[in-house]
Amino acid sequence: MTKTAAKAAAKTAAKAAPAAKKVAKSAAKPESHLAMVRRARRINRELAEVYPYAHPELDFRNPFELLVATVLSAQTTDLRVNQTTPAVFAKYPTSEDMAAAVPEELEEVIRPTGFFRAKAKSLIGLSIALRDRFDGEVPGRLEDLVSLPGVGRKTANVVLGNAFGVPGLTVDTHFGRLVRRWKWTEQEDPEKVEAEIAAIFPKSEWTMLSHRVIFHGRRICHSRKPACGACPIAHLCPSYGEGETDPEKARKLLKYEMGGYPGQRLSPPADYPGKPAPARIE
């Protein structure tokens, strides 16, 4: 484990220890909407301290690469996408190249990401639309992005926030799970989740909030067995106790750099404290 990750883990243990008492006490009376908003914003601030290096975990060099990688990321891991896209972009570096792709050949290149026939159809369709309607360039407006085949609001917000600097909330499975655990919303529909969370935070926070929440979901607040006893925001979580509360057992559940393992990017940012992911598909 790196020094940064070790330091974060130490702070985590100190904060998580008294969490059970605080959560039990706060559960005695209903939380007002104002109190929830204040708690939500405090969680965001504390996550910013834990993950100052939070970033999109897909490798990309331009908006087109990010758009393609995001489409490929459906129903698979970012790591698997990152291991696959070097070959994709070597063969199809531009939207014009991908628009002219032979479907069976594209399917074979993206096969490791799963659902390769549907994804190839979307990629060729969106590339044709980029070529014919946007001069081959990825547009920087939400309404234009969602008009492309296979591109929904989640994908559009990923591209806007990380390729164009336009604030957006990325409501993936991790984000939805955590904001419901934290009682920021009870909504299940991604668009309704997006609307309710957008009302809690200033627009300038949306993109980085998404990265922090997703980072936390992947590293600590897992779906089946969250590491409650190693969680740095346990003292603010109304769902504390759903997972492992013993600090030592919880620490063994930590993933990626928090557990001393590689991240998902083959080419992570310079300030990332973990190790680059392996380039080989396993």
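The following exchange discusses salt bridges, surface charge and backbone geometry in a predicted model.

Me: How many salt bridges does the structure hold?
Reply: The structure holds 18 salt bridges. Since the model is predicted, side-chain atom pairs are counted only at pLDDT 80 or more.

Me: Which residue meets D59 in a salt bridge?
Reply: R265 does; the side chains of R265 and D59 meet with an N to O distance of 2.9 Å. This pair links distant parts of the chain, with the two positions 206 residues apart in numbering. R265 belongs to the segment after α14 (247-251), and D59 to the loop between α3 (33-50) and α4 (63-72).

Me: Are those two buried or exposed?
Reply: Both R265 and D59 are buried. D59 counts as buried because its relative accessibility is 12%, and the cut-off for buried is under 20%.

Me: What else does the side chain of D59 reach?
Reply: The side chain of D59 also reaches the backbone nitrogen of S267, at 3.3 Å. D59 therefore has a salt bridge to R265 as well as this backbone contact, and its relative accessibility of 12% makes it buried.

Me: What about R39, which residue does its side chain meet?
Reply: The side chain of R39 meets that of E31 in a salt bridge, at 2.8 Å from N to O. R39 is buried, with a relative accessible area of 11%. E31, at 41% relative accessibility, counts as partly exposed.

Me: And which residue forms a salt bridge with E143?
Reply: That residue is R141, with the closest N and O atoms 3.1 Å apart. E143 counts as partly exposed because its relative accessibility is 46%. R141 is likewise partly exposed, at 46%.

Me: Which residues are linked in a network of salt bridges?
Reply: The network links E57, D78, R218, R219 and E257.

Me: Changing topic: which residues gather in the patch of negative charge?
Reply: On the surface, a patch of negative charge brings together E96, D97, D135 and E137. Of these, E96 lies in helix α6, which covers residues 95-99.

Me: Why can E96 belong to such a patch?
Reply: Patch members need over 30% relative accessible area and no salt bridge. E96 satisfies the area condition because its relative accessible area is 37%, which makes it partly exposed.

Me: And where is D135 placed?
Reply: D135 is in the loop between α8 (116-133) and α9 (142-145). D135 is exposed, because its relative accessible area is 70% and the cut-off for exposed is over 50%.

Me: What is the phi of D135?
Reply: Phi of D135 is near 55 degrees, a positive value in a residue other than glycine.

Me: What about the phi of K183?
Reply: K183 also has a positive phi without being glycine, with a value near 65 degrees. K183 lies in the loop between α11 and α12 (190-198). At a relative accessible area of 48%, K183 is partly exposed.

Me: Moving on to L178, in which helix does this residue lie?
Reply: L178 lies in helix α11, made up of residues 173-181. L178 counts as buried because its relative accessibility is 0%.

Me: How many Å separate the C-alpha atoms of L178 and N162?
Reply: The two C-alpha atoms are separated by 21 Å, with L178 and N162 lying 16 residues apart along the chain.

Terms used:
Residues are numbered from 1 along each chain as its sequence is written. Side-chain values use heavy atoms; hydrogens and water are left out. Patches are made of residues with over 30% relative accessible area and no salt bridge: like charges are joined within 9 Å, nonpolar side chains (Val, Leu, Ile, Met, Phe, Trp, Tyr) within 5 Å. Accessible areas come from the Shrake-Rupley method with a 1.4 Å probe; for residues, only the protein chains shown count as cover. A salt bridge is a side-chain nitrogen of Lys or Arg within 4 Å of a carboxyl oxygen of Asp or Glu. Lys and Arg count as positive and Asp and Glu as negative; His and the chain ends are not counted. The place of a charge is taken as NZ of Lys, CZ of Arg, CG of Asp or CD of Glu. Helices (H or I, at least four residues) and strands (E, at least two) are DSSP runs, numbered from the N terminus. Buried means under 20% relative accessible area, exposed over 50%, partly exposed in between (1.4 Å probe, protein chains only). A polar contact is a pair of N or O atoms within 3.5 Å; within protein, one must be able to donate a hydrogen and the other to accept it, and residues adjacent in sequence count only if both atoms are side-chain atoms.
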